[in-house]
Amino acid sequence: MLKQVLLFILALSISLTCLAQSDRGTITGTVSDPASAIIPGAQVAAINRENGSTFETVTTPTGNYTLPSLPAGMYDLNIEVPGFKRHSQPNIQVQVAQTVRLDVVLQVGTTTDTVTVTSEAPMLRTENAEQSINVSGNRINNLPLNFGGGGGSTGTIRSWTSFIVLSPGVSGTGQGARVNGIPPNNFKIIVEGQDVTSGNDTGWTSTVTQASVEMIQEFSLQTSNFAAEFGQVGGGLFNFTTRSGTNQFHGSVYDYMQNEALDAYRPVPNRARPRSRKHNFGATLGGPVILPKLYDGRNRTFFFANYEMFRTNVTTAGNLQTLPTDAYRSGDFSAALTGRQLGTDPLGRPIMENTIYDPATSRVVNGVVVRDPFPGNIIPQSRLDPVALKIQNLIPRADLPGLVQNW
């Protein structure tokens, strides 16, 4: 049993180290002295300002250092080596899938002395040639997001897709945007290093298309010159990282509301204000994992939770829809028969328009597969799939007469 557990842990460790794609950032650079001589063996540490997580490394024999896999956020960089003053550089912003280069020159002195550099990190990216834009969760929440239409529109939940047009090379609206002229919907979506792009159809679908914007810490949209780890991308590459708890407990309660009472009247002659009531509400809570007298997760273990609900109540005057009738719901499709003959089958029987054939009666006649129609175009209740019936009960019932435009 112990051997099996050890093998499982080993396999899990290997799988975690083999993740090819990442939503993390990197700080890299070279450490040298005032004479431009490289300094090997210097202790380098990056400390997350929000949760206190520390990431450490030492400079190589060539004086280089790299701190990979840093969660997006603000960091303080500290560098120490005997014979030189301690170097401290606060407020370094690490973004999703971006590399920050900071070359440091240490001053001769003792480690009890500290040189604090307050200048910002260079904005010019010299580590790669990719074209991208990074959008933070705060920016998403500070800018207005449309529910997806004006009065009378069913609308949708607030979506991060509204911001992809801020990136150079992107044209069109959120769901039909083109990246560098490539047909829409040729994209890839990564969340926390995992590919979540949906392959069910060619539409703008993904398991995160309607993810709560309150849950997003930051996302990047890369439009060209992707790194080798982000292969197989025809259009844009969306790379998401979700929010995390910090050393302090934080929470929020929110409600984005729309109501026709706050809308302007439509121009004459139609001054109606169709019902358009939408609520996108929820709450968030995050912080350290603390178990009294057992465990204190500050600087180590955190949690973040989000609950969100979207409700809409609208009217769409003059816009009728078609729903299955009660007879159709029970398998009775006799009303669909029009009496029009489309031809004859290999047995010489007439083929009537909208006839439903029983797949259980399939057989080969003169090399051709034939089936018998359900008597009266009625599917027996015993043949109806119980799962499909449960799903069917979620569909509203028609409230107008007729087979079409009855709701």
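Two strands are taken as paired if DSSP finds at least two bridges between them. The model shown in every view is predicted.

**View 1. Open three-stranded sheet in the order E17-E18-E21.** The sheet consists of 3 strands, and their pairing is antiparallel. Strand E17 (250-258) and strand E21 (302-314) are the edge strands, each paired on one side only. From one strand to the next, the twist averages 5°. Strands of a sheet pair through backbone hydrogen bonds, in either a parallel or an antiparallel arrangement.

**View 2. Pairing of strands E18 and E21.** Strand E18 covers residues 276-288 and runs antiparallel to E21, with 13 bridges between the two. Two opposing positions can be located in this view. Arg277 stands opposite Asn313 of E21. His279 stands opposite Arg311, also in E21.

**View 3. Pairing of strands E17 and E18.** The two strands are joined by 9 bridges in the antiparallel sense. One of the bridge partners in E18 is Gly282, which is matched with Tyr254. E17 is an edge strand, so the pairing shown here is on its one paired side, given that such a strand pairs on one side only and that two strands pair if at least two bridges are found between them.

**View 4. Aromatic pair Phe219 and Phe238.** A pair of aromatic rings is described by the distance of the centres and the angle of the planes. For Phe219 and Phe238, the centres lie 6.4 Å apart and the planes make an angle of 45°, a tilted pair. The pair counts as tilted because planes under 30 degrees apart would be stacked and those over 60 edge-to-face. Phe219 lies in strand E15 (residues 216-224) and Phe238 in strand E16 (residues 237-242), so the pair ties together parts that are 19 residues apart in sequence. Both Phe219 and Phe238 are buried.

**View 5. Ring cluster of Phe219, Phe238 and Phe240.** Ring pairs link these three residues, Phe219, Phe238 and Phe240, into a cluster. Across the whole structure, the search finds 6 aromatic pairs.

**View 6. Nonpolar surface patch.** Phe249, Leu285, Ile290 and Phe303 form the patch, and together they have about 340 Å² of accessible area. Ile290 belongs to strand E19, residues 290-291. With a relative accessible area of 30%, Ile290 is partly exposed.

Definitions and conventions
Residues numbered from 1 in each chain as written. Predicted model: local features only at pLDDT ≥ 70, side-chain atom pairs only at ≥ 80, totals over all residues. Heavy atoms only, no water. Phe/Tyr/Trp six-rings, centres within 6.5 Å; stacked < 30°, edge-to-face > 60°. Helix = DSSP H or I, 4+ residues; strand = E, 2+ residues; numbered from the N terminus. Buried < 20%, exposed > 50% of the residue type's maximum accessible area, 1.4 Å probe, protein only. Axes fitted to C-alpha atoms, helices over the stretch in contact; angles between N-to-C directions. Patch = residues over 30% accessible without salt bridge, like charges linked within 9 Å, V, L, I, M, F, W, Y side chains within 5 Å. Areas by Shrake-Rupley, 256 points an atom, 1.4 Å probe, with all protein chains shown as cover. Salt bridge = Lys/Arg side-chain N within 4 Å of Asp/Glu carboxyl O.
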